[in-house]
Each structure stands twice: as C-alpha cells, then as structure tokens.
Amino acid sequence: MKHLRTLTLVLLLGALATILCAWIPALFNPPRAPVFHTGGLVKQWLDDVPDSWPDQPFGLTYDSFSAVNPDFPKPPRLRKRQGMADGVSNSGGHVTFLGDQPNHVIDIIQAGWPTHTMTHRGPDDARPLPNNPISSAFVNGIPFPSPHGQRPLPLNPIWTPFALSTLVWSAVLFIAYQLVMIPFRIRRARRTKTNHCTTCGYELQDLQTCPECGSQSAPNPT
Ligand SMILES: [Zn+2]
C-alpha cells in the first residue's frame with residue numbers, strides 16, 4: 001500500500017515535470033521563431049501538411065515539385081490560403097526557402113524537453129474550433145501571459161513521448177530524492193544504534209518515548 005502510494009506520487013511528479021518542461025519553453029519561445037527550426041525545445045514547423053487539414057473553405061493544398069524551389073529533396077506540399085501568401089511544408093531535408101516570408105505556415109506547435117511531449121495548433125491552422133470550450137482549449141492551448149505576450153500553453157499530450165518522459169522524470173526525481181535522503185538515513189541509523197532519539201537526538205536510555213520531543217522510538221534491537 002505504501003509502495004503503491006509512493007509510486008503514484010512519483011509518477012504524478014514525473015508527469016508534472018514533463019508538463020513544466022513543455023510549458024516553460026512554450027512561454028519563452030518567441031512568437032515566430034525561425035521557421036525552419038525543426039528541433040530544439042519548441043518545434044514550430046510542421047514537416048508534413050496534415051491530410052486532415054481541409055482545403056475548403058480555408059485554402060488549398062496541393063503537391064508541387066520544383067515549382068517554387070528546385071532544391072527540395074522531395075515534392076513539397078504547397079498551400080495557398082485565402083488572404084495569405086504561399087506556405088511550404090516539406091517532410092525532411094534541409095529547407096531554405098521562404099524563411100523570410102511573413103506568411104509562412106505554422107500549423108502545429110510542439111513543445112517539450114528533452115523531447116516534444118505536448119502540442120497545440122499553430123497560429124496558421126485555420127480549422128474551425130470545436131464548439132465546446134474545453135475541447136477548444138485542448139486543441140489550442142490555454143493563453144497565458146509571457147514575455148512575448150499571450151502564449152498558449154499546450155494541453156494536448158503526444159502520448160508516447162509524454163509517457164516515456166514521465167517515466168524518465170519519475171526515475172530522475174526518485175533517485176534525486178534517495179540521494180538527498182542519504183545523510184538523514186545515516187544519522188537515523190547512528191542514533192538508533194547508540195540508543196538516541198531518531199527525531200531529536202536526545203539520549204533515550206531504555207525509554208521508548210523520548211522525554212525531550214515525545215516521539216516514539218522503535219525498541220532498541222540489542
Ligand atoms: Zn526526541
């Protein structure tokens with residue numbers, strides 16, 4: 001029972017650490033980071049245009065090869081959206097195009113460290129929001145004040161990395177806790193051995209209740 005409680009607590013703390021490791025970079029990431037920055041703490045560039053993204057009435061998605069840049073290693077999917085310039089997304093390879101375009105497309109933002117664990121829709125994702133405000137917050141994140149103005153904190157976990165990150169953080173926190181506790185354990189063992197109160201260090205003689213602080217001690221094994 002006690003172990004189950006410890007395990008639950010450790011896993012909850014691991015999940016909390018995972019969420020903080022996504023939220024903190026999400027807050028401090030500049031609003032329009034370099035477009036082709038695909039790694040790091042926050043990923044702002046979508047490698048593939050999602051198939052679920054509707055072409056109508058918000059825009060138009062089509063495959064295009066070398067129409068915009070012959071250096072693309074594979075056909076980029078070019079997207080036109082009403083009222084916007086073209087945005088290009090490319091699944092892999094180094095993209096050096098449209099970096100300075102103000103109207104590049106950011107559909108999905110992922111955040112987290114050391115791996116991306118949470119996500120929300122980017123500013124250019126024009127899909128209609130769910131009617132339910134809770135579902136809307138789930139896909140769009142919750143707006144939160146930051147040095148860059150209001151930034152969305154992602155609520156939508158990317159489940160596999162989220163679970164792995166939770167396990168890793170749980171293990172790290174558990175080990176750190178054990179290390180911090182070593183001096184206290186040593187002191188406690190020494191006090192038990194010399195028949196002193198484990199709480200305050202008062203010499204107990206053969207008493208089981210400490211006359212100094214009132215705490216109960218286990219009977220001296222010797
Ligand atoms: Zn005591």
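Cys197 is buried, with a relative accessible area of 0%, and in this predicted model it serves as one of the protein donors of the zinc ion, through its SG atom. The other donors are Cys200, Cys210 and Cys213, each likewise contributing SG, and the four lie 2.2 to 2.4 Å from the metal. Along the chain these donors follow the spacing C-x2-C-x9-C-x2-C.

The geometry around the zinc ion is tetrahedral, with angles of 106 to 114° among the 4 donor atoms. For four tetrahedral donors the ideal angle at a metal is 109.5 degrees.

How buried or exposed are the donor cysteines? Cys210 has a relative accessible area of 2% and is therefore buried, since the limit for that class is under 20%, whereas Cys200, with a relative accessible area of 31%, is partly exposed. Although cysteines gather at the zinc ion, the count of disulfides comes to 0, where a disulfide would require a pair of cysteine sulfur atoms within 2.5 Å.

Attention can now turn from the metal site to the surface. A nonpolar surface patch of about 640 Å² is made by Leu9, Leu13, Leu16, Leu20, Ile24, Phe28 and Leu173, and its largest share, 6 residues, comes from helix 1, which spans residues 2-28. Leu16 is placed in helix 1 and counts as partly exposed because its relative accessibility is 47%, a value between the 20% and 50% limits; patch residues must have over 30% relative accessible area, a condition that Leu16 meets with its 47%.

Note on methods. Residues are numbered from 1 along each chain as its sequence is written. This is a predicted model: local features need pLDDT of at least 70, side-chain atom pairs count only at pLDDT 80 or more; totals for chains, interfaces and linings use all residues. Side-chain values use heavy atoms; hydrogens and water are left out. Patches are made of residues with over 30% relative accessible area and no salt bridge: like charges are joined within 9 Å, nonpolar side chains (Val, Leu, Ile, Met, Phe, Trp, Tyr) within 5 Å. Accessible areas come from the Shrake-Rupley method with a 1.4 Å probe; for residues, only the protein chains shown count as cover. A salt bridge is a side-chain nitrogen of Lys or Arg within 4 Å of a carboxyl oxygen of Asp or Glu. Helices (H or I, at least four residues) and strands (E, at least two) are DSSP runs, numbered from the N terminus. Buried means under 20% relative accessible area, exposed over 50%, partly exposed in between (1.4 Å probe, protein chains only). Donors are N, O and S atoms within 2.8 Å of the metal (3.2 Å for Na, K and Ca); water is not among the atoms, so sites may look incomplete. Four donors count as tetrahedral if all angles lie between 85 and 135 degrees; four count as square planar and six as octahedral if opposite donors are over 155 degrees apart and all others between 65 and 115; anything else is irregular.
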